[in-house]
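The exercises below concern one protein model. Work through each task before reading its solution.

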Amino acid sequence: AMTSAEWRGLFRQRATWGMIFGFMGVIYMVWLYLTWLPAYLEQERGLPLATAGWVMSIPYLAGTFGQLSSGVLADYLLARGLKPINSRKLPLCIGLVCAAAFTVPAAYTASLTWAIAFISLAMYFVNLASGSAWALVSVAAPRRLVASLGSLQNFGGYLGGSLAPVVTGVIVDRTGSFVYALLIAAAVSLAGAIAYLLLVRE
């Protein structure tokens, strides 16, 4: 079992806080699309429930490929000479930035086809980031502290994730639109990338 000194040591590390706040950006966006995509397709895009069901599967499938890509990309970067921590952090930051970048045009496009394309790309990249975040834990701490660091990162992520459905619901209720909800998710995703980039160094 970990000692109290080791727990305190984890909280004194900038990397720990970077991973806690950074994972908020990942899970906030994951939960936004997980909980609100059906309502978005119905209310914002006017799709009947039956059609929304299969259309919704396209972004989720893209997200699956994003998860699978994270390991392949980390191995590739490691083989090209990047340090283990950077081979995980680079795809993670790129994933969060790209998820934000594709969520913004999804909020504004008038085309259903383009909206699904942008959301699918956002889902691909945020899940690429999610897989990379868990791979990062394994190289950011000594082996006996990996599970504890992972639990702290997970706590931060799901604290952020729990806010996504509530914040989105309030915004949609007050504005009648998902535009601002998507823009906020993009901002949270960018903030997560900055946290990982600046705080997780060693």
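**Exercise 1: an aromatic pair**

Phe125 has a relative accessibility of 16%, so it counts as buried. The model is a predicted one.

Task: classify the pair formed by Tyr124 and Phe125, and state how Tyr124 is placed with respect to solvent.

Solution.
- Step 1. The ring centres of Tyr124 and Phe125 lie 5.1 Å apart, and the cut-off for a pair is 6.5 Å.
- Step 2. The planes of the two rings meet at 90°, and the pair is edge-to-face.
- Step 3. Tyr124 has a relative accessible area of 24% and is therefore partly exposed, while Phe125, at 16%, is buried.
- Step 4. Both residues belong to one aromatic cluster, together with Phe102, Trp114 and Phe118.

**Exercise 2: a pair between two helices**

Task: determine the geometry of the pair Trp31 and Tyr158, and say which helices it links.

Solution.
- Step 1. The count of aromatic pairs comes to 10.
- Step 2. In the pair of Trp31 and Tyr158 the centres are 5.5 Å apart and the planes stand at 70°; planes over 60 degrees apart count as edge-to-face, so this pair is edge-to-face.
- Step 3. Trp31 sits in helix H2 (residues 14-44) and Tyr158 in helix H6, so that the pair links distant parts of the chain, 127 residues apart.
- Step 4. Trp31 is partly exposed, with a relative accessible area of 26%; Tyr158 is also partly exposed, with 38%.

**Exercise 3: the course of H6**

Task: compare the span of H6 with its expected value, then locate its kink.

Solution.
- Step 1. H6 covers residues 146-175, 30 residues in total.
- Step 2. From first to last C-alpha, H6 reaches 43 Å, which is close to the expected 44 Å at 1.5 Å a residue.
- Step 3. H6 has a kink of about 25° at Ala164, shortly before the proline Pro165.
- Step 4. Just after H6 comes Gly176, with a positive phi of about 75°.

**Exercise 4: cysteines**

Task: how many disulfides does the structure contain, and is Cys93 buried or exposed?

Solution.
- Step 1. A search of the whole structure gives zero disulfides.
- Step 2. For Cys93, the nearest cysteine sulfur is that of Cys98, 11 Å away; a disulfide needs the sulfur atoms within 2.5 Å.
- Step 3. Seen from Cys98, the nearest cysteine sulfur is that of Cys93, and Cys98 is in no disulfide.
- Step 4. The relative accessibility of Cys93 is 11%; buried means under 20%, so Cys93 counts as buried.

Definitions and conventions. Residues numbered from 1 in each chain as written. Predicted model: local features only at pLDDT ≥ 70, side-chain atom pairs only at ≥ 80, totals over all residues. Heavy atoms only, no water. Helix = DSSP H or I, 4+ residues; strand = E, 2+ residues; numbered from the N terminus. Expected span 1.5 Å × (residues − 1). Bend = angle between axes of the 7 residues up to and from the residue. Buried < 20%, exposed > 50% of the residue type's maximum accessible area, 1.4 Å probe, protein only. Phe/Tyr/Trp six-rings, centres within 6.5 Å; stacked < 30°, edge-to-face > 60°.
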